[in-house]
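Biologist: I have a new model open and would like to learn how to read it. Can we go through it feature by feature?

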Amino acid sequence: MRRRRTFARAAKRVATSSPMYALLVASAAFILFPLYMTVVDSLQPLAKLLTYPPDFWPDSPQWSNYRAAMTDIPMPRYMLNSLVMAGVITAGQVTTSALAAYAFAFMRFPLRTPLFFVFLSTMMVPWEVSIIPNFQTIQRLDWIDTYQGLTVPFLATAFGTFLLRQHFLTLPRELKDAADIDGYGNLKFLLFVVVPLSRAALATLAVFSFLQAWNQYLWPLLVTNDPDMRTVQIGIAALQAEEVQRTNVVLAGTIIALVPMLLLVIVFQRFLVRGLTAGAVKG
Amino acid sequence: MIGEPSAAPVATPAERRRRRRGARGATELIAAAPFLLPSLVLFGAFVFYPLVRSIYLGFHATDPFGRREIWVGIEQYQDVLTSPDFVHSLLVTGQFTLYTVIPATAIGLYLALLAYQRLPGIIVFRTIFSSTVASSVAVSSVMFLLLLNPGVGVLNYLIDRTGGPTVSWLTDPTWALPAVAMTTVWMNLGFATIVILAGLQNIPEELYEAARADGASPLDEFLHVTLPGISPTLLFVSVVGVIFAFQSFGQIHILTRGGPLDSTNVIVYSIYQEAFLHYNIGLASAQAVVLFVIVLLLTLVQFAAAQRWVFYR
């Protein structure tokens, strides 16, 4: 009964605001158009890609392009590389940030404030400024074409430390007092009390780190020469130039590279929004 | 806000107190070290050392193999700042900034206002409007490469259908930068929309109620409640957009390689070219340091402005 009334009310609101919906749908179509066209072209036979006028609908969708992307071009290898890279970076960033944030939020030690500023100051150095010496370091360590080379420079993040510290500071101080009485050491307190109470903040950081790592371009381009070590981003960009005879397959690969991140963004939207706006709220 | 005052001093002579505090400080520092060192070591190796090293390299010239370093002093920085190529690259970056930040902020604001409506199913539109945040620079560029194709691309087709003159988007020096900017705007729209929408949601409902009670029209509401309410957010989005623009690389590398005729040779692409294609490590480092100073100034402007805006709100 009640549900029916809410439904009726909703229907009425939909009807009265139909111009608004028209605007929403038009805007959504505008935003999705590049993605839509890529999907259409990824389902075309190659000959159809080169004809004018362009098709807005695949007459006979060629799903085999997607199979070809997984067999004829090394998409599975690229995906694996990206997964390992993004996974290691995410795990590393969450760990180092949680440790440092814990020290800044719960421990008392000399130079705490200056050290916190040292952390924050790293946010002012754009990564692009340090690529030359960092590339030389990785070269000297003989880490070109390795997962270490792809991940180690990114295992710490001031943004993550800041984000987690803000959350840790909202936890009641009494927890720490109780833990002290129970004889919990710092690490035990962090692992068994702070972490379970901070799952949302940790998830925010994890989603953010994973998305950023997966989508990286400049650094993987520099430190991978071996096609087997390419990440998915470098892979599709390179294939797009190399495999002109298989553009449709490369486009299918592009969609395959995008879909996991699209799902991540949709499923964890709430966390992502919190991460992206962390800077905005503080100014 | 950050440090709390240390424990109340014990009533003992100053000398002994200081010594005891020093001893306790050392113990505390040893306890905190395992928590801080992982991050600090990584920052030292991959942020601070490279920064210092870049400045150092900027004072040196390198042979074409990038091996020998010869001290040339401040001269190289002067050369960079006065070289027509670098100045050109700065101008291109500036233009690129204008072409990306203004549209992305404006369209982001429009989309956020649309998505802010309380309507059934609005969550679907919110998701769609923020979805481009998932698209990497490589994915976005490959997608737009297709749309921008001068012969069979959809963009020229639509222009042709509406009777306009078609354009060789990525090979015409006049249009290459706007075309790369278009790709970038699309890619950044998700971020802009998410942040501006969050800003809108932070405006207290009572302000709107008060405005309505005073008989404000929707336009009044927008001008006197919404706009002042989200101006700090808009500022944040634009400054972050400017910083993004100064760091852009992937879309240039995939779409134009800095060409045609250097018309899209933005600063990071120029650094990449000098360092990794021409092996001019010293010159590229000097350029990187200039980039650092620019981004640092922009960040400081953002902090100062944000403080002000938040204060006056």
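Modeller: Yes. Keep in mind that this is a predicted model. Begin with one residue. Leaving out residues up to four places away in sequence, A:Tyr102 touches A:Phe168, A:Leu190, A:Val194 and B:Phe35.

Biologist: Which residues have the most contacts inside the largest nonpolar core?

Modeller: The general idea comes first. In soluble globular proteins, nonpolar side chains tend to be buried together. Here the largest nonpolar core has 161 residues, and A:Tyr102, A:Ile236 and B:Ile196 have the most contacts inside it. Helix α7(B) gives the largest share of this core, 16 residues.

Biologist: Now the two chains. How many residues of each are in contact?

Modeller: Read an interface from both sides. On chain B, 80 residues are in contact with 73 residues of chain A. Helix α1 of chain B, residues 14–58, supplies the largest share of the chain B side, 19 residues. By class, that side has 59 nonpolar, 19 polar and 2 charged residues.

Biologist: What is the secondary structure of chain B?

Modeller: Count the elements, then read their order. Chain B has 12 helices and 2 strands. Along the sequence the pattern is α-β-β-α-α-α-α-α-α-α-α-α-α-α. Of its 313 residues, 42% count as buried. Look at sequence separation too. Among chain B contacts between residues at least 6 apart in sequence, 69% join residues at least 24 apart.

Biologist: How do I describe a pair of packed helices?

Modeller: Two packed helices are described by the angle between their axes and the distance between the axes. Take α3(B) and α7(B). They pack at an angle of about 40°, with axes 6 Å apart. That angle makes α3(B) oblique to α7(B). Their crossing is right-handed. The contact has 20 nonpolar, 7 polar and no charged residues.

Biologist: At what angle do α3(B) and α9(B) pack?

Modeller: At about 145°, with axes 9 Å apart. Helix α3 of chain B spans residues 84–116, and helix α9 spans residues 218–246. This crossing is right-handed. The α3(B) side includes B:Thr93, B:Phe96 and B:Gly108, and the α9(B) side includes B:Leu234, B:Gly241 and B:Phe246. By class, the contact has 9 nonpolar, 7 polar and no charged residues.

Biologist: How many residues of helix α5 of chain B are buried?

Modeller: Compare the buried count with the helix length. In α5(B), residues 137–147, 11 of 11 residues are buried. Among them are B:Val137, B:Ser140, B:Phe144 and B:Leu147. Next, find what covers them. The buried residues of α5(B) pack against α2, α14 and α15 of chain A, together with α6, α7 and α10 of chain B.

Biologist: Why is B:Ile252 counted as buried?

Modeller: The cut-off is 20 or more other C-beta atoms within 10 Å. B:Ile252 is buried because 27 other C-beta atoms lie within 10 Å. This residue lies in helix α10 of chain B. Setting aside neighbours within four places in sequence, B:Ile252 is in contact with B:Val180, B:Gly258, B:Thr264, B:Val266 and B:Tyr269. Check a sequence-distant pair as well. B:Ile252 and B:Ser141 are 111 residues apart along the chain, and their C-alpha atoms are separated by 8.8 Å.

Biologist: Back to chain A. Which residues are buried in helix α7 of chain A?

Modeller: In α7(A), residues 131–140, the buried residues are A:Ile131, A:Ile132, A:Pro133, A:Asn134, A:Phe135 and A:Ile138. Then look past the helix end. Just after α7(A), A:Asp142 takes a positive phi of about 65°.

Note on methods:
Residues numbered from 1 in each chain as written. Chains lettered and ligands numbered in written order. Predicted model: local features only at pLDDT ≥ 70, side-chain atom pairs only at ≥ 80, totals over all residues. Contact = placed C-beta atoms within 7 Å. Helix = DSSP H or I, 4+ residues; strand = E, 2+ residues; numbered from the N terminus. Nonpolar A, V, L, I, M, F, W, Y, C, P; charged D, E, K, R; others polar. Axes fitted to C-alpha atoms, helices over the stretch in contact; angles between N-to-C directions. Left-handed = near helix turned anticlockwise from the far one by under 90°. Buried ≥ 20, exposed ≤ 12 C-beta atoms within 10 Å, placed from the backbone. Parallel < 35°, antiparallel > 145°, perpendicular 65-115°, else oblique. Core = buried A, V, L, I, M, F, W, Y, C linked by C-beta atoms within 7 Å.
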